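Biologist: I would like a close look at one charged pair. Please show me its setting, then move on to the rest of the picture.

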Amino acid sequence: MKSFIQSLVGVGINLGLIASTSGLTLSYGRTVFALPPQEIKGKLDAVPVYLITNDQGTPLSRMISSPDRKQERAMTDVYMSRQEALNFVQKFRQILGKDKNPKTQEMLKTLQVTTVPLGLIYQKQQKQQNQPNQLLFSFNPVSQEMTGAAQLMKASGQRVEQLKSVPIFMVISGKDKSHITIQVGGGKPQTIIPLFFSKQDAQNLLTKVKGRFPQAYIQVVGVDGLINTLTQKNDTWLKQLVLIPSPESRQHLNSLRSNSAQPKTIPPKPRS
């Protein structure tokens, strides 16, 4: 658990990152090499996602039929919001709570929301490619962020139906369509291109840069499109991309980090 938390609380998800940005610049791509899968996984590991599992960590899955209805495959839901995952567990228990089957009741008791890195989902998908019985993942975007993404896309003339996955928000400079970059860190500042899972976080950065880049705007992309770009393109600016989880997820990660840092209390030994 400790190494998992450390991987999630690395650069790009500090609560103060957005407020302490400096050195706003633009990023132009220069072709050198493509990102290897392990580096892509490392970027995705910064983002927590939430699965419904039992107390042994086995995901709750549902069976779906193939288009020709000749085969069934397991589908696991992946939530971008821990609260929405918790809401699902509550509703699921209410629906199946009337079932008197002992196995059903035992299953309901063990249900929990488990936090895993997005990179783990990516890794499993890569390993199971082209396998007939591969596990499928169905992503459940945050409802509020989907609404915000749809509003931005409509305002810019984009077709909302083009967004078929979790929305990501990035700030673009304007006419030349360059990415806004920021510098983070203390003694050794690092230049990054922030990609936000929260529209409000992107709006906060847009407000900060409007004075310097008056034509700046927020662009919406899907996480699947981002992964395809990381996999297929070979531009140096891709190495600067840093995924910024939503405020809800950052708060949850800070809670995990605080709990892991607390020393365990050892009860005193009884006197003989």
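Modeller: Start with Asp-77. Its relative accessible area is 16%, so Asp-77 counts as buried, the cut-off being under 20%. Bear in mind that this is a predicted model. The partner is Arg-62. Arg-62 has 38% relative accessibility, which means partly exposed, in between the 20% and 50% limits. The two form a salt bridge, with 3.0 Å between the closest N and O atoms. This pair links distant parts of the chain. Asp-77 sits in strand β4, residues 72–79. Arg-62 belongs to strand β3, residues 61–65. The partners are 15 residues apart. As a rule, side chains of opposite charge can pair when their charged atoms come close.

Now the other salt bridges. A search of the whole structure gives 5. One of them joins the side chains of Lys-41 and Asp-45, at 2.8 Å from N to O. Both Lys-41 and Asp-45 are buried. Another pairs Arg-159 with Glu-161, where the closest N and O atoms lie 3.0 Å apart.

Next, the nonpolar side. The largest nonpolar core holds 29 residues. Within it, Leu-195, Leu-241 and Leu-243 touch the most other members. Several elements each give two or more residues, including α2 (37–44), β2 (48–53), α5 (118–127) and β9 (190–196). β7 (167–172) and β11 (241–244) are also among them. Helix α8 supplies the largest share, 4 residues. Domain 1 (37–140) and domain 2 (143–254) each put at least three residues into this core. A separate core of 21 residues lies apart from it. Its members include Leu-205, Leu-206, Val-209 and Ala-216. In soluble globular proteins, nonpolar side chains tend to be buried together.

Finally, look at β7, one of the contributors to the largest core. Of its 6 residues, 6 are buried, so β7 is largely enclosed by the rest of the structure. The cover is on both faces. One side carries Pro-167, Phe-169 and Val-171, and the other carries Ile-168, Met-170 and Ile-172, all buried. β7 also pairs with strand β10, residues 217–222. The two run antiparallel and are joined by 6 bridges. Across that pairing, Met-170 stands opposite Gln-219 of β10.

To return to your charged pair: Asp-77 is buried, whereas Arg-62 is partly exposed.

Terms used. Residues numbered from 1 in each chain as written. Predicted model: local features only at pLDDT ≥ 70, side-chain atom pairs only at ≥ 80, totals over all residues. Heavy atoms only, no water. Salt bridge = Lys/Arg side-chain N within 4 Å of Asp/Glu carboxyl O. Buried < 20%, exposed > 50% of the residue type's maximum accessible area, 1.4 Å probe, protein only. Core = buried A, V, L, I, M, F, W, Y, C linked by side-chain atoms within 4.5 Å. Domains from an automatic or database assignment. Pairing = 2+ DSSP bridges.
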